[in-house]
Amino acid sequence: MLQIENLRTEFETPRGTVTAVNGVDLHIDNGEIVGLVGESGSGKSVLAQSVMRLVEDPGEITADELLFKGEPLLEKSEAEMTTIRGNEISMVFQDPMNSLNPTITVGEQIAETVRLHQDIGESISLPAEMKRKIIGASKASESWRRAIEMLESVQIPHPESRATDYPHEFSGGMRQRAMIAIALSCEPDLLIADEPTTALDVTIQAQILEELHSILEVFDTSILLITHDLAVVAETCDRVNVMYAGEMVERATTRELFSNPQHPYTQALLASTPQVETAVEELEPIPGTVPEPIDIPYACHFAPRCPEAKEECFEVDPAFRRVGSEDHEAACIRREPVDGEVIENE
Ligand code: SF4
């Protein structure tokens, strides 16, 4: 579905070149939920925006490969990318209130997306009633019917009546579901969900994650789930990629990563994540902060915060090596490769 090799996203600024994403590899197979985790500022969202080609000037994206269903996205025209966005790749953001239009009913916003991307009817920003008169009742009612179906599929109760509500009349969890409904209304092949549950309480979070799972079954959509929350990944993903300061540092199946974390950053993330059996005082916050992307240390980016760092870590750029079962790789010079082989230079 998605194949990324050596993706870099850089911004020229008066202070110098900011490297937000630095030589990242990632792939998503058909029907997979793949997690991308890391602290704020690690480059996760810029990576997602780079896949969508939504990085604004002066950002520049380069890659050895950025293939979506085998097609090179970096060679697409802006018009072609507009067609791909929404039709084939959709995105759900953290804050649905900022993504929904407060002056249009939720149902009409979904219907609008359906018309825009599936050519069911023209997209005209007019009140729904007037629009029905202008574009014809049949097209408008078909997109409206589809909007209700979508609200039903994301478990909004009484979808017919709730479709006429405005976003402020929805709870936080319902707004996020409405965003998912909009993202899915054109049946994309790939859904990129950027911190979709961060603003929600734990119960609603669990319902939204459940929703993402059923999306796979109903819509056959692959999902890239971006989060800083390892618990969300553990609940949801088939595989996990851990990102730090613009680079991937570890990747594995979810089961392998949680049972056998190898990179010191992943270990530190896990130690700082609350678990049911962990007393709050046992949590260990990671000291320091993610370095500014303009001030990335040479060699291992995690070295200034790493409890295992030695002199060489400040001099050598650590390459990936296999550290566990077949798909488990980490970029750390203090981990012996299980097969004696260093995989690639970052
Ligand atoms: S390469 Fe060195 S500094 Fe980097 S994570 Fe491994 S031990 Fe820590």
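**Backbone oddities, strands, salt bridges and a ligand site**

Lys69 sits in the loop between β5 (65-68) and β6 (71-72). In this predicted model, the phi angle of Lys69 comes out near 50 degrees, a positive value for a residue that isn't glycine. That's worth a second look, because most residues other than glycine have a negative phi, and most peptide bonds are trans. As for its surroundings, Lys69 is partly exposed, with a relative accessible area of 43%.

Ala245 does something similar: its phi is also a positive value near 50 degrees, again in a residue other than glycine. Ala245 is found in the loop between β10 (239-244) and β11 (247-253). Those two strands form a hairpin with two residues between them, and that is where Ala245 takes its positive phi. Is Ala245 buried or exposed? With a relative accessible area of 4%, Ala245 is buried.

The backbone has another quirk at Pro58. Here the peptide bond from Asp57 to Pro58 is cis, with omega near 10 degrees. Pro58 belongs to the loop between α1 (44-51) and β4.

Next come the strands themselves. β10 and β11 run antiparallel and are joined by six bridges. To pick out one spot along this pairing, Asn241 has Arg251 of β11 as its bridge partner. β11 also pairs with strand β13 (residues 329-331), in the antiparallel sense, over two bridges. In this case Glu250 finds its bridge partner in Ala330 of β13. How many of the seven residues of β11 are buried? Six of them are, so β11 counts as mostly covered under the 20% cut-off for relative accessible area.

Strand β4 (residues 59-62) shows a neat back-and-forth pattern. Gly59 and Ile61 point to one face and are buried, while Glu60 and Thr62 point to the other face and are not. β4 has a partner too: strand β1 (residues 2-13) runs antiparallel to β4, and four bridges join the two. Within this pair, Glu10 stands opposite Glu60 of β4.

On to the charged side chains. Side chains of opposite charge can pair when their charged atoms come close. How many salt bridges does the structure hold? The total is 18. One of them ties Arg145 to Glu149, at 2.5 Å from N to O. Both residues lie in helix α6 (residues 137-153), four residues apart, which is about one turn of the helix. Arg145 is partly exposed at 43% relative accessible area, and Glu149 is partly exposed as well, at 32%.

A salt bridge with a 2.5 Å N to O distance also links the side chains of Arg162 and Asp165. Here the two ends sit on either side of a cut-off: Arg162 counts as partly exposed at 22% relative accessibility, while Asp165 is buried at 13%, because buried means under 20% relative accessible area.

Glu329 and Arg322 make another salt bridge, at 3.1 Å from N to O. Glu329 counts as buried at 11% relative accessibility, whereas Arg322 is partly exposed at 27%. Some salt bridges share partners, and in that way Arg145, Arg146, Glu149 and Glu187 are joined into one network.

Helix α6 isn't just about charges, though. Met150 lies in this helix too, and at 1% relative accessibility Met150 counts as buried. The C-alpha atom of Met150 is separated by 9.5 Å from that of Ala111, although the two residues are 39 apart along the chain.

That leaves the ligand. Which cavity is the space taken by the ligand? That space is the largest cavity. The residues that surround the ligand are His263, Pro264, Cys300, Ala303, Cys306, Glu308, Ala309, Cys313, Cys332, Ile333 and Arg334. Sorted by class, this shell has eight nonpolar residues, one polar residue and two charged residues.

Definitions and conventions:
Residues numbered from 1 in each chain as written. Predicted model: local features only at pLDDT ≥ 70, side-chain atom pairs only at ≥ 80, totals over all residues. Heavy atoms only, no water. Salt bridge = Lys/Arg side-chain N within 4 Å of Asp/Glu carboxyl O. Buried < 20%, exposed > 50% of the residue type's maximum accessible area, 1.4 Å probe, protein only. Near = heavy atom within 4 Å. 1 Å grid on protein atoms, 1.4 Å probe; cavity = no way out; pocket = protein on both sides within 12 Å on 5 of 7 lines; lining within 4 Å. Sits in = over half its atoms within 2 Å of the grid points. Nonpolar A, V, L, I, M, F, W, Y, C, P; charged D, E, K, R; others polar. Pairing = 2+ DSSP bridges.
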